[in-house]
Amino acid sequence: MTILVTGATGFIGSWVVRVLKRRGIPAVLTDIRKDMTRLGVLVDDIANTPFIETDITTPSAVEKIIRDYGVDRVIHLAAFQIPQCRADPIACAAVNVSGFLRVFEAVKKVGGVKQVVYASSAAVYGPPEMYGGGPIPENVVLKPSTHYGAFKVCNELTANAYWIENGISSIGLRPHTVYGFGRDVGVTADITRAVKAALLGQPFKVRFGGRIALQYAADVADAFVRCALSDIQGARVYNIRGEVEEVSEVVGMIQRLIPGSLITYEETPLPIAADLDDTAYRREIGGPPSTPPEEGIRETIQIYSRLKEMGMLTLE
Ligand SMILES: NC(=O)c1ccc[n+]([C@@H]2O[C@H](COP(=O)([O-])OP(=O)(O)OC[C@H]3O[C@@H](n4cnc5c(N)ncnc54)[C@H](O)[C@@H]3O)[C@@H](O)[C@H]2O)c1
């Protein structure tokens with residue numbers, strides 16, 4: 001078995017590679033640049049894992065990797081986040097939408113791939129008040145308030161079309177606020193950046209309040225790998241829930257764990273529902289319970305403290 005990971009040097013990608021290496025699962029990695037900043041910290045023996053540096057939008061690039069390495073499962077993570085999609089929706093659609101299509105076209109052309117797992121997002125949902133009381137299941141009306149979320153809805157529907165027309169099986173996961181070492185990009189990165197700022201003794205304001213679904217990177221990476229190994233058929237899409245918390249509680253937790261930290265937050269909630277029902281994921285894929293936020297934040301503090309001692313910690 002060989003699993004192709006796209007976006008492999010990104011935040012979630014690096015944690016996914018760590019899970020694959022720890023479990024001895026052969027992998028081939030790709031990203032636009034071979035930037036080892038995150039992988040170098042999370043994975044010890046990365047040198048002997050094949051890495052192909054390429055733009056996901058390049059015609060035939062993914063197809064060539066699948067052929068050359070006999071890929072039979074894919075974890076597709078390469079994408080831009082909310083701020084970039086807001087600033088330049090056309091450029092981002094080329095990666096988030098056309099890049100997604102390129103992965104499925106490559107799978108269709110080469111054949112033999114048993115599962116395509118991809119990152120959708122909780123950003124497919126509208127604001128919480130649209131849904132009344134939670135927890136919210138997968139099959140409600142999706143009304144994203146961002147281009148990013150609209151692209152993710154498009155991807156979920158595209159995956160469904162590839163199942164119906166070409167029999168390509170896929171699983172989309174809808175994370176909300178993933179945190180942990182290496183989370184630097186996107187609005188919800190503020191939770192992780194607050195931890196870094198606190199360690200650096202800098203004031204920091206989280207740009208949102210309200211409720212979020214906190215998901216530790218190690219748990220999310222485990223979920224992606226579990227899905228990639230699953231032989232479930234169809235075009236499945238799952239919520240993953242993590243721990244639903246008020247931003248005020250999370251900020252309080254950081255302040256308790258790093259005394260003297262100067263973290264504040266905006267009251268305005270994110271326009272993305274957070275109280276999501278993950279019953280389908282637990283029933284069909286399963287897995288260990290999620291890491292309690294206090295434990296995940298402690299682990300994040302440990303990693304960043306080590307980097308700080310080495311003079312390698314910056315807010316960015
Ligand atoms: N982090 C979260 O909380 C979160 C929540 C919901 C969904 N997601 C989704 O999970 C996936 C991974 O997110 P992340 O937080 O790791 O983001 P990230 O920005 O850290 O990683 C994305 C990776 O994609 C790569 N990439 C971008 N454009 C590319 C291109 N043209 N060709 C090849 N590679 C390219 C980047 O270099 C980067 O390494 C994304 O699809 C994102 O939308 C993340």
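**Group meeting: a walk through the predicted model**

Let me start inside the sheet, where V5 stands opposite I75 in β4. I should say at once that this is a predicted model, and everything that follows should be heard with that in mind. The two strands around that pair are β1, residues 3-6, and β4, residues 73-76, and they pair in the parallel sense over 4 bridges.

If we step back from that one pairing, what is the order of the strands in the open sheet? There are 7 strands, running β3-β2-β1-β4-β5-β6-β10, and the pairing is parallel. At the edges stand β3 and β10, the latter covering residues 235-239, and because each has a single partner strand, one side of each is left without a neighbour in the sheet. On average, and ignoring direction, neighbouring strands of this sheet are turned by 15 degrees against each other.

Next, the ligand, which I expect is what many of you want to look at. The ligand is surrounded by 26 residues, and the closest of them are G7, G10, A79, A119 and V178. Which elements each supply at least two residues of this shell? They are α1 (11-22), α5 (89-110) and β7 (177-179), and of the whole shell the largest share, 3 residues, comes from α1. Sorted by class, the shell has 13 nonpolar residues and 11 polar ones, together with 2 charged residues.

I would also like to point out two places in the backbone. One is the peptide bond joining G134 and P135, which is cis, with omega at about -10 degrees; P135 itself is placed in the loop between β5 (115-119) and α6 (147-166). The other is S60, a residue other than glycine whose phi is nonetheless positive, near 70 degrees. S60 is found in the loop between β3 (51-53) and α3 (61-69). Is S60 exposed, partly exposed or buried? With 13 other C-beta atoms within 10 Å, S60 is partly exposed, since the exposed class ends at 12 and the buried class begins at 20.

Finally, a pair of helices. In general, two packed helices are described by the angle between their axes and the distance between the axes. Here the pair is α9, residues 247-257, and α11, residues 293-309, whose axes come within 11 Å and cross at roughly 50 degrees. An angle of that size falls between the roughly parallel limit of 35 degrees and the roughly perpendicular range that starts at 65, and α9 and α11 are therefore oblique to each other. As for its hand, the crossing of α9 and α11 is right-handed.

Notes. Residues are numbered from 1 along each chain as its sequence is written. This is a predicted model: local features need pLDDT of at least 70, side-chain atom pairs count only at pLDDT 80 or more; totals for chains, interfaces and linings use all residues. A residue is near a molecule or strand if its C-beta atom, placed from the backbone, lies within 6 Å of it. Ala, Val, Leu, Ile, Met, Phe, Trp, Tyr, Cys and Pro count as nonpolar, Asp, Glu, Lys and Arg as charged, and the others, Gly among them, as polar. Two strands pair if DSSP finds at least two bridges between them. Axes are lines fitted to C-alpha atoms, for helices over the stretch in contact, and angles run from 0 to 180 degrees between N-to-C directions. Angles under 35 degrees count as roughly parallel, over 145 as roughly antiparallel, 65 to 115 as roughly perpendicular and the rest as oblique. A crossing is left-handed if the near helix is turned anticlockwise from the far one by less than a right angle, and right-handed if clockwise.
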